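User: Hi! I'm in my first year and I'd like a close look at one part of this protein, the biggest open hollow and what sits around it. Could you walk me through it slowly?

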Amino acid sequence: MSPWQGKLKQIGSCRWEIPQDYKAGMKVPGLVYADERMLAVIKEEQSLEQVANVAFLPGIVGRSMAMPDIHWGYGFPIGGVAATRVQDGVISPGGVGYDINCGVRLLRTNLNEQEIEPKIHELINHLFKNVPSGLGSEGKIKLSEKDMEEVLSQGAAWAVKHGFGSKEDLEVTEENGCMQAADPDKVGDRARKRGAPQLGTLGSGNHFLEVQVVREIYDKQSAALMGITFVGQVLLLIHTGSRGLGHQVCDDYLRTMGEAVRKYGIALPDRQLACAPVESQEGRDYLAAMACAANYAWANRLCIAHWARESFVKVLGKSIDRVGLEQVYDVAHNIAKLEEHEVEGKRQKLCVHRKGATRAFPSGRKGVPEKYQPIGQPVLIPGDMGRCSFVAVGTEKAMQETFGSTCHGAGRLQSRGEAKRSLRGSDVAAALAARGIYVKADSMGSLAEEAPSAYKDVTDVVGVTQQAGISRKVAMAVPIGVIKG
Amino acid sequence: MEKQFEVIDHTADIGIVAYGRDLPGLLANAARGMYSLMVDSKKIEARLSKTLELDEGDPEALLVEWLNTLLYELDTERLLFRDFAIVIKDGRKLTATCAGEKLDLKKHRLRREVKAATYHNLKIENKEGLYTASIIFDI
């Protein structure tokens, strides 16, 4: 593939603008957060063209943005943030993606690494059995039609009601694990049928479950409020989304939006950006269906957390009080939300699309759990399985510049094909084992595709968001046990 | 044998270029290409058959929805297919009789899960009687 040859202008530290006149039809400029080294890599593919394409969306305000973990997606780039006016702008399912409310949930334990190291193989093997993963994985829960209605409308609260978690889990989940805009009537039969056997499953691809150990704490006070209190402390990170249900909702509404584009006469440079006015019937219906899929994902991650808690207790032979595993936070990184932001000095109601980007609200903002009001909303940024992950918090700067958003992960560097050609899954597992990381995967092929060398170094990505001030580092943890779907 | 499909690179995801002498041939080969991304597709046998019907606005939509319908069949009925008898009327109405079998992870050997076929840069081209389309999948 040829490198991107478009126009870029540095407009500040780690900030690069794609001028509005780069392409006729752009309604706002583009803005990319990156350092020079990263930018050279980003320009090797066409993701910046996608940033420019997103700037075509009717009603887009501010800039079409890309976080430093940007990589080439379909329609929107992965790592993209775009806000449109609710009043006269559009909502695009492509700005959310197929895996609606793909996200991460972090739990903290009372355990230190010495306690868990002798049992890590047994623990990972037990988790692997207890949490279904891989292609077409079916869960231990078979949802009845009535249950499905409740999962779609109540989200994680359904899981709590059925004994898969507690009220405390909901309090530290984005939206408390339930988007109120959900209307199950807007979710079709196909989506329901795909979702019914899959609740409580990890799936495949980049989804994972990781046992980690805290290596650095940058901000003791904020970390303490999250229950992260010492170096060597064991954490658990869960990364998955809304499974086949979300994929089907996206697919169904892309079709609706394809027709809406013609109906409303919207000119777009890529069919995958199909959209409809936020205030139209099509737009409202999508938002209501998307909220249902988001709710399903929150219930999904809570069920998985429940089985993880079970596995820790069983394998370690300790009580749940001794183990801990309280939830730190759960954050979505593929979602569109109606939020109020200041644009050109005026408060406006916006539809903020975060496609591979995390909400990063500062203290004092509505939507930040009461517990975290003093420090701001926790931001969870997983890296690849060989390096590390970060916990950060949102900032005021993010509110001013990125509609309260920051990066979501490492971002791919190498294509899946390249990774697979250059590495064998079994070699990847052996190399990780030599560094004290035990990995179990459903497919050795997918392990090669997810190899650390296929990703950017998340430390560089988080370094840029830190320098740009759109999120602030709190702690860093490394994996010791990984399950890959 | 004529070339059916090739696998192509895409940073976050993966794609195929599918070929066909006509639109039904292109759709059949795109399906074969998609299954090859997910499992060892040579192992899929024709043990049962199912008829699928679609009605879409244009050939590109037909191609994407065809592949996503096959993913739906896998998610809900655990079905994989290998042979396809496809008839398309008016460029938009599809009837496909698909032969295949139920997913057996031991036999078919998982490669990766495909979430969906996308419309990303999708265009069906017809040059001198050879239909070609590049399809990017969300992984």
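Which strand of chain A gives the most to the lining of the largest pocket?

Analyst: Happy to help! Please keep in mind that this is a predicted model. The strand you are asking for is E12 of chain A, residues 334-343, which supplies 5 residues to the lining of the largest pocket.

Let's look at the pocket itself. Its volume is about 630 Å³. A set of 25 residues lines the pocket, and the closest to its centre are Glu175(A), Leu338(A), Arg359(A), Lys366(A) and Gly367(A). Sorted by class, the lining holds 11 charged, 10 nonpolar and 4 polar residues.

Glu175(A) deserves a pause. You can find Glu175(A) in the loop between helix H7 (167-171) and helix H8 (189-195) of chain A. Its phi is positive, about 60°, although Glu175(A) is not a glycine. Is Glu175(A) buried, exposed or partly exposed? Its relative accessibility is 31%, and buried means under 20% while exposed means over 50%, so Glu175(A) counts as partly exposed. Now look at Asn176(A), which is also placed in the loop between H7 and H8 of chain A. Asn176(A) has a positive phi too, near 55°, and is a residue other than glycine. With a relative accessible area of 46%, Asn176(A) is partly exposed.

Another of the central pocket residues, Arg359(A), leads us to Gln377(A), since the two are in contact. Gln377(A) belongs to the loop between strand E14 (358-359) and strand E15 of chain A. Here the relative accessible area is 0%, so Gln377(A) is buried. Leaving aside neighbours within four places in sequence, the contacts of Gln377(A) include Tyr329(A), Val331(A), Thr358(A), Phe361(A) and Ala392(A).

From the open pocket, let's turn to the enclosed spaces. A search of the whole structure finds 3 cavities of 30 Å³ or more. The largest cavity holds about 490 Å³ of space. Its lining has 34 residues, and those nearest its centre are His71(A), Ile78(A), Asn206(A), His239(A) and His408(A). By class, that lining divides into 12 nonpolar, 12 polar and 10 charged residues.

The second largest cavity has a volume of about 80 Å³. Of its 13 lining residues, Leu106(A), Gln212(A), Ser389(A), Phe390(A) and Val391(A) lie nearest the centre. Strands E9 (233-240), E15 (378-381), E16 (389-394) and E19 (471-484) of chain A each supply at least two residues to this lining. The classes here are 11 nonpolar and 2 polar residues, with no charged ones.

Two names from the cavity linings give us a path into the strands. His71(A) and Ile78(A) are both among the residues nearest the centre of the largest cavity. Strand E4 of chain A covers residues 60-71, and strand E5 of chain A covers residues 78-85. E4(A) and E5(A) run antiparallel and are joined by 5 bridges. Within this pairing, Met65(A) stands opposite Val81(A). The hairpin has 6 residues between the two strands, and Gly75(A) in this hairpin takes a positive phi near 75°. E5(A) also pairs with strand E13 (residues 346-355) of chain A, in the antiparallel sense and over 6 bridges. There, Gly80(A) stands opposite Lys355(A). E5(A) is mostly covered, with 7 of its 8 residues buried.

Now for the nonpolar cores. In soluble globular proteins, nonpolar side chains tend to be buried together. The largest nonpolar core in this model has 185 residues, and those with the most contacts inside it are Val211(A), Phe312(A), Trp66(B), Leu67(B) and Phe137(B). Helix H11 of chain A, residues 281-316, gives the most to this core, with 20 residues. Apart from this core lies another, of 24 residues, among them Val328(A), Tyr329(A), Val391(A) and Val474(A). You have already met two of these: Tyr329(A) as a contact of Gln377(A), and Val391(A) by the centre of the second largest cavity.

One last stop is helix H4 (residues 120-130) of chain A, where the buried residues are Ile120(A), Leu123(A), Ile124(A), Leu127(A), Phe128(A) and Asn130(A). Their cover includes helix H3 (113-116), strand E8 (208-217), H11, strand E18 (438-441) and E19 of chain A.

How values were computed: Residues numbered from 1 in each chain as written. Chains lettered and ligands numbered in written order. Predicted model: local features only at pLDDT ≥ 70, side-chain atom pairs only at ≥ 80, totals over all residues. Heavy atoms only, no water. Buried < 20%, exposed > 50% of the residue type's maximum accessible area, 1.4 Å probe, protein only. Helix = DSSP H or I, 4+ residues; strand = E, 2+ residues; numbered from the N terminus. Pairing = 2+ DSSP bridges. 1 Å grid on protein atoms, 1.4 Å probe; cavity = no way out; pocket = protein on both sides within 12 Å on 5 of 7 lines; lining within 4 Å. Points joined across faces, edges and corners; volume = space filled by probe spheres on them. Nonpolar A, V, L, I, M, F, W, Y, C, P; charged D, E, K, R; others polar. Core = buried A, V, L, I, M, F, W, Y, C linked by side-chain atoms within 4.5 Å. Contact = heavy atoms within 4.5 Å.
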